[in-house]
Amino acid sequence: MVVANEVLMPEELAKVYETWMNKLRSSSTGERKRKLSSTSNHAERTFIKQVWWPAFGHFTHLEAEFEVKDFKDGKRYLDFAYITEGFRICIEIDGFGTHWRDISRSQFADHLMRQNHLIIDGWYVLRFSYDDLIERPRICQQIIQQMLGKLGASISPNELKLSPVELAIVRMATSLSTPITPKYITKQLNLHRTTISRHIKTLVQREILIPSRTDVKRVCSYRLNKALLTKIIS
């Protein structure tokens with residue numbers, strides 16, 4: 001195990017994390033670089049260890065201490081920002097401590113207004129308590145996975161030459177750590193089950209999706225054919 005700011009990380013994660021952080025620091029200046037070099041970001045490191053890394057296993061599209069202009073033409077820093085074509089997600093970690101107990105009424109109002117303006121500017125905002133990172137990390141993982149699945153993240157349409165619905169299904173399957181089911185897809189995309197079944201059949205015929213079990217007559221869940229996808233997008 002490797003100690004990273006008093007947060008114990010597996011050695012593999014610690015190495016990848018430091019490489020990622022060094023890359024962010026090298027491309028940053030001023031206050032953002034200072035924040036990225038701070039040793040007081042315990043909650044942020046806990047988020048990486050407990051939530052992000054177990055759910056995704058990579059840092060593609062993820063930024064830390066991301067700088068944005070606020071509604072007063074000043075600068076604010078998001079704990080994390082997931083940015084890819086078509087959308088931006090702000091992820092904030094809130095600890096229940098002196099920061100919230102001692103905050104003034106005007107600071108509280110300013111904090112809420114900041115989030116309002118992020119949403120107006122097109123950001124999706126997800127907030128997690130520090131307690132949830134420790135006590136309910138799997139729920140936090142699922143919320144992010146569901147958000148990415150609903151938005152359709154990670155894979156470009158040109159790479160797979162799929163229809164919009166098929167692409168959304170593949171992206172959902174990419175974001176989940178468990179096999180995907182027609183019921184789940186139907187609920188997320190709000191389409192008729194027959195439509196979903198037709199697109200799943202096409203994905204299975206193209207060997208992009210594989211039945212999670214082959215010893216049953218009725219297939220109820222599917223997983224990505226990662227070997228095939230690696231060849232397609234490499």
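Leaving aside its neighbours within four places in sequence, which residues is F47 in contact with? In this predicted model, the residues are W52, F80, I91, I93, F128, L133 and I144. The legends below cover the cores, the sheet, the salt bridges, the cysteines and two backbone outliers.

**View 1. Contacts of F47 in the largest nonpolar core.** The largest nonpolar core comprises 31 residues. F47 is listed with W20, I48, W52 and I144 as having the most contacts inside this core. Two or more residues each come from α1, α3, β3 (62–69), β4 (75–84), β5, β6 and α7 (137–151). Of these elements, α3 gives the most, with seven residues. Beyond its neighbours within four places in sequence, F47 is in contact with both W52 and I144, which are themselves on the list of residues with the most contacts. The other contacts of F47 on that basis are F80, I91, I93, F128 and L133.

**View 2. A second nonpolar core.** Apart from the core of View 1 lies another, of 17 residues. Among them are L162, L167, M172 and I200.

**View 3. The four-stranded sheet.** The strands form an open sheet in the order β3-β4-β5-β6, with mixed pairing. β3 and β6 are the edge strands, each pairing on one side only. From one strand to the next, the twist averages 40°. β3 and β4 run antiparallel and are joined by seven bridges. At one of these positions, V68 has R76 in β4 as its bridge partner. In general, strands of a sheet pair through backbone hydrogen bonds, either parallel or antiparallel.

**View 4. Helices α1 and α3 against the sheet.** Helix α1 lies across β3 and β4, and runs at about 25° to β3. Helix α3 lies across β3, β4, β5 and β6, and runs at about 15° to β4. Both helices are among the elements that give two or more residues to the largest core.

**View 5. The salt bridge between R45 and E18.** The side chains of R45 and E18 meet in a salt bridge, at 3.7 Å from N to O. R45 belongs to helix α3 (residues 42–56) and E18 to helix α1 (residues 11–26), so this pair links distant parts of the chain, 27 residues apart. R45 is classed as buried because its relative accessible area of 7% is under 20%. E18 is partly exposed, at 29% relative accessibility.

**View 6. The salt bridge between E31 and R34.** Here the side chains of E31 and R34 meet with an N to O distance of 2.7 Å. Both residues lie in helix α2 (residues 30–36), three residues apart, which is about one turn of the helix. E31 is partly exposed, with 31% relative accessibility, and R34 is also partly exposed, with 48%.

**View 7. The salt bridge between R127 and D94.** The closest N and O atoms of R127 and D94 are 2.8 Å apart. R127 sits in strand β6 (residues 123–129) and D94 in strand β5 (residues 87–94), so the salt bridge ties together parts that are 33 residues apart in sequence. R127 is partly exposed, with a relative accessible area of 29%.

**View 8. A salt-bridge network.** D132, E135 and R136 are linked in a network of salt bridges. A search of the whole structure finds nine salt bridges. In general, side chains of opposite charge can pair when their charged atoms come close.

**View 9. Cysteines C90 and C140.** The structure holds zero disulfides. C90 is buried, with a relative accessible area of 0%. C140 is likewise buried, at 2%.

**View 10. Positive phi at E65 and N190.** Phi of E65 is near 50°, a positive value in a residue other than glycine. E65 lies in strand β3 and is buried, with a relative accessible area of 10%. N190, also a residue other than glycine, has a positive phi near 55°. N190 is found in the loop between α10 (182–189) and α11 (193–205). N190 counts as exposed because its relative accessibility of 68% is over 50%.

Methods
Residues numbered from 1 in each chain as written. Predicted model: local features only at pLDDT ≥ 70, side-chain atom pairs only at ≥ 80, totals over all residues. Heavy atoms only, no water. Disulfide = S-S within 2.5 Å. Buried < 20%, exposed > 50% of the residue type's maximum accessible area, 1.4 Å probe, protein only. Salt bridge = Lys/Arg side-chain N within 4 Å of Asp/Glu carboxyl O. Core = buried A, V, L, I, M, F, W, Y, C linked by side-chain atoms within 4.5 Å. Contact = heavy atoms within 4.5 Å. Pairing = 2+ DSSP bridges. Axes fitted to C-alpha atoms, helices over the stretch in contact; angles between N-to-C directions.
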